[in-house]
Amino acid sequence: SALLLKADPGAGKSAFMASLIERNPGSLLGYHFCQAKAAETLEPGRFVRSIAAMVASRLPRYAAALDALADTALDKDRCEKDPFTAFGEGVLSALSRVEPPVGGFAFLLVDALDEALLHRGKENKATIVDLLADRLSYFPPWLRLVATTRKDAEVLRNLRGLRHEEI
């Protein structure tokens with residue numbers, strides 16, 4: 001299950017996400033803030049490795065599974081070259097093999113997906129939006145995604161299968 005929050009610039013999307021992080025430490029597995037002025041936050045491979053590290057810090061069962069994957073699925077070079085497989089094998093597949101967290105669900109937060117599109121550039125590189133759109137069906141049933149975006153046509157088109165709410 002996933003929710004895409006869309007709003008105009010300055011509407012408070014990032015502040016809302018920061019509030020969710022602060023108020024839900026028990027059910028939050030990881031978060032990512034895309035920032036146009038920080039190019040590294042727009043890189044899908046870095047996103048995968050960051051999310052994996054946060055989830056491992058919150059779920060000991062996943063951390064144990066991660067030890068076996070760190071040199072393969074989540075290898076830095078592999079994440080950079082093929083973030084889709086890295087995210088699928090190193091995060092989602094590994095998470096689907098662990099028991100759901102206490103409470104029965106957990107979630108990931110991703111802010112400013114419209115800014116992630118800047119990574120595409122002239123080389124037509126894959127983006128975090130592409131990664132999420134491609135792998136969303138592989139999320140374990142207990143894992144939720146909450147993401148934000150400006151009303152960007154490309155983000156909305158790529159993630160049209162998500163529940164959209166305007167704020």
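Begin with the crossing of helices H5 and H7, which is right-handed in this predicted model. To see it, select residues 83–96, which form H5, together with residues 128–135, which form H7, and look at how the two helices pack at an angle of about 55°, with their axes 10 Å apart. Because of that angle, H5 counts as oblique to H7, since an angle that is neither under 35 degrees, nor over 145, nor from 65 to 115 is called oblique.

Next, show the side chains where the two helices meet. On the H5 side, select Pro-83, Phe-84, Thr-85, Phe-87, Gly-88 and Leu-92, and on the H7 side select Asp-130, Leu-131, Leu-132, Asp-134 and Arg-135, for these are the residues that make the contact. If you colour the residues of this contact by class, you will find six nonpolar, two polar and three charged.

Now move to the largest pocket, which has a volume of about 190 Å³. Its lining can be displayed by selecting Glu-43, Pro-44, Gly-45, Arg-46, Arg-49, Lys-76, Cys-79, Glu-80, Pro-83, His-119, Lys-125 and Ala-126. Pro-83 deserves a pause here, as this residue of H5 takes part in the contact with H7 and is also listed in the lining of the pocket.

Which elements give two or more residues to this lining? They are helix H2, residues 44–58, and helix H4, residues 76–81, and the largest share, four residues, comes from H2. Finally, colour the lining by class, as you did for the helix contact, and you will see four nonpolar, two polar and six charged residues around the largest pocket.

Methods. Residues are numbered from 1 along each chain as its sequence is written. This is a predicted model: local features need pLDDT of at least 70, side-chain atom pairs count only at pLDDT 80 or more; totals for chains, interfaces and linings use all residues. Side-chain values use heavy atoms; hydrogens and water are left out. Axes are lines fitted to C-alpha atoms, for helices over the stretch in contact, and angles run from 0 to 180 degrees between N-to-C directions. A crossing is left-handed if the near helix is turned anticlockwise from the far one by less than a right angle, and right-handed if clockwise. Contact means heavy atoms within 4.5 Å. Ala, Val, Leu, Ile, Met, Phe, Trp, Tyr, Cys and Pro count as nonpolar, Asp, Glu, Lys and Arg as charged, and the others, Gly among them, as polar. On a 1 Å grid over the protein atoms alone, a cavity is a set of points where a 1.4 Å probe fits but cannot get out, and a pocket is an open set with protein on both sides within 12 Å along at least five of seven lines; lining residues have an atom within 4 Å of a point. Grid points are joined across faces, edges and corners, and a volume is the space filled by probe spheres set on the points.
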